[in-house]
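Here is a short report to read alongside the structure. Feel free to keep the viewer open and follow the strands as we go.

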Amino acid sequence: MKILSKMETGQGGNWVLVDYGNNFYAYGFEQDLYSLLGFPVDNCGTKDEVISHCNSIANLCKKDIEKAKHKGWTAIIKAETKELEMLIEFSRILKLQ
């Protein structure tokens, strides 16, 4: 297992991108790395599967940010923007692997 990237969530924790070897990757909250349950199943898989999931959730974040802008929900905008940055970065890193 190798941690490829670690990014602050902005809410007191970190996200991590992990390479388990044999083309198996995962991402999520750092505390899930040490949990008995591990990462959510949607956040694990082959490099292509994880890239696809990151890109899919990134698109949802973009939509949430646009909706929140219209309503003036700054806390949601801030949280979604941080998550979007993480998803884009993790996708970029995986593409380089």
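Strands β2 and β3 (residues 24-29) run antiparallel and are joined by six bridges. One pair to look for is V16 with its bridge partner G28 in β3. The hairpin of β2 and β3 has two residues between the strands, and N22 takes a positive phi near 55° there. Please note that this is a predicted model.

On to the other partner of β2: strand β1 (residues 2-8) pairs with β2 in the antiparallel sense, again over six bridges. Here I3 has V18 of β2 as its bridge partner. Five residues lie between β1 and β2 in their hairpin, where G10 in the turn has a positive phi of about 85°.

The two hairpins line up like this:

| Hairpin | Residues between strands | Positive phi |
|---|---|---|
| β1 and β2 | five residues | G10, about 85° |
| β2 and β3 | two residues | N22, near 55° |

How enclosed is β2, and why? Six of the eight residues of β2 (residues 14-21) are buried, so the strand is largely enclosed by the rest of the structure. For the chain, 36% of the 97 residues count as buried.

Now for the wider view. The chain has three helices and four strands, arranged from the N terminus as β-β-β-α-β-α-α. Its radius of gyration is 14 Å, which agrees with the value near 13 Å for a compact globule of 97 residues. The C-alpha trace spans about 45 × 25 × 20 Å along its principal axes. As for the surface, the chain exposes about 6100 Å², with carbon and sulfur atoms supplying 54% of it.

Technical notes
Residues are numbered from 1 along each chain as its sequence is written. This is a predicted model: local features need pLDDT of at least 70, side-chain atom pairs count only at pLDDT 80 or more; totals for chains, interfaces and linings use all residues. Side-chain values use heavy atoms; hydrogens and water are left out. The radius of gyration is taken over C-alpha atoms; the globule rule is 2.2 Å times the number of residues to the power 0.38. Buried means under 20% relative accessible area, exposed over 50%, partly exposed in between (1.4 Å probe, protein chains only). Accessible areas come from the Shrake-Rupley method with a 1.4 Å probe; for residues, only the protein chains shown count as cover. Two strands pair if DSSP finds at least two bridges between them.
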